[in-house]
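Here are a few exercises to work through with the model open beside you. Try each task before you read its solution.

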Amino acid sequence: MRKLVSAKKLTLVDLSKLSGISTRSLEWYVKQERQPSLERVEKLAKALEVSPAWLVSWKD
């Protein structure tokens, strides 16, 4: 996910604003310390313009 965020020239703060998910939660997801709920995966996928299926298969 980190690479995708960078490729889209976004910061986690930007992604937080686009998705409505806190920056801290996004940090946990990027570090793979926690797994997002299905609802959050859908919000992230929409914000990043990818499918939820693609997003859950990320390998950073």
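**Exercise 1. Describe the overall fold.**
Work out how many helices and strands the chain has, and in what pattern they follow one another.

Solution. Start by counting: this predicted model has five helices and zero strands. Next, read along the sequence, and the pattern comes out as α-α-α-α-α. Now check how compact the chain is. Its radius of gyration is 10 Å, close to the 10 Å that the globule rule gives for 60 residues, so the chain is as compact as a globular protein of that length. Finally, the C-alpha atoms fill a box of roughly 20 × 20 × 20 Å along the principal axes.

**Exercise 2. Look at burial and surface.**
Find what percentage of the residues is buried, and what share of the accessible surface belongs to carbon and sulfur atoms.

Solution. Of the 60 residues, 33% are buried. Turning to the outside, the accessible surface is about 4,100 Å², and carbon and sulfur atoms account for 52% of that area. For the charges, take the mean position of the 12 positive ones and that of the 7 negative ones: these two points lie 3 Å apart.

**Exercise 3. Take apart the nonpolar core.**
Identify which helix gives the largest share of the largest nonpolar core, then list the contacts of Leu 55.

Solution. The largest nonpolar core has 14 residues, and Met 1, Leu 15, Leu 26, Tyr 29, Leu 44, Leu 48 and Leu 55 have the most contacts inside it. Helices H1 (2–7), H3 (23–30) and H4 (38–48) each supply at least two residues of this core. The largest share, five residues, is from H4. Now set aside the neighbours of Leu 55 within four places in sequence: Leu 55 then touches Met 1, Val 41, Leu 44, Ala 45, Leu 48 and Val 50.

**Exercise 4. Walk along helix H3.**
Decide which residues of H3 are buried, what covers them, and whether Glu 27 is buried or partly exposed.

Solution. The buried residues in H3 are Ser 25, Leu 26, Trp 28, Tyr 29 and Val 30. Their cover includes H1, helix H2 (12–19) and H4. Glu 27 also has its place in H3. Buried means under 20% relative accessible area and exposed means over 50%; at 28% relative accessibility, Glu 27 therefore counts as partly exposed. To place Glu 27 relative to Leu 55, compare two separations: 28 residues in sequence, and 15 Å in space from C-alpha to C-alpha. End the walk just past the helix, where H3 is followed by Gln 32, with a positive phi near 60 degrees.

Key:
Residues numbered from 1 in each chain as written. Predicted model: local features only at pLDDT ≥ 70, side-chain atom pairs only at ≥ 80, totals over all residues. Heavy atoms only, no water. Helix = DSSP H or I, 4+ residues; strand = E, 2+ residues; numbered from the N terminus. Rg over C-alpha atoms; globule rule 2.2 N^0.38 Å. Buried < 20%, exposed > 50% of the residue type's maximum accessible area, 1.4 Å probe, protein only. Areas by Shrake-Rupley, 256 points an atom, 1.4 Å probe, with all protein chains shown as cover. Lys, Arg positive; Asp, Glu negative; His and termini not counted. Charge placed at Lys NZ, Arg CZ, Asp CG, Glu CD. Core = buried A, V, L, I, M, F, W, Y, C linked by side-chain atoms within 4.5 Å. Contact = heavy atoms within 4.5 Å.
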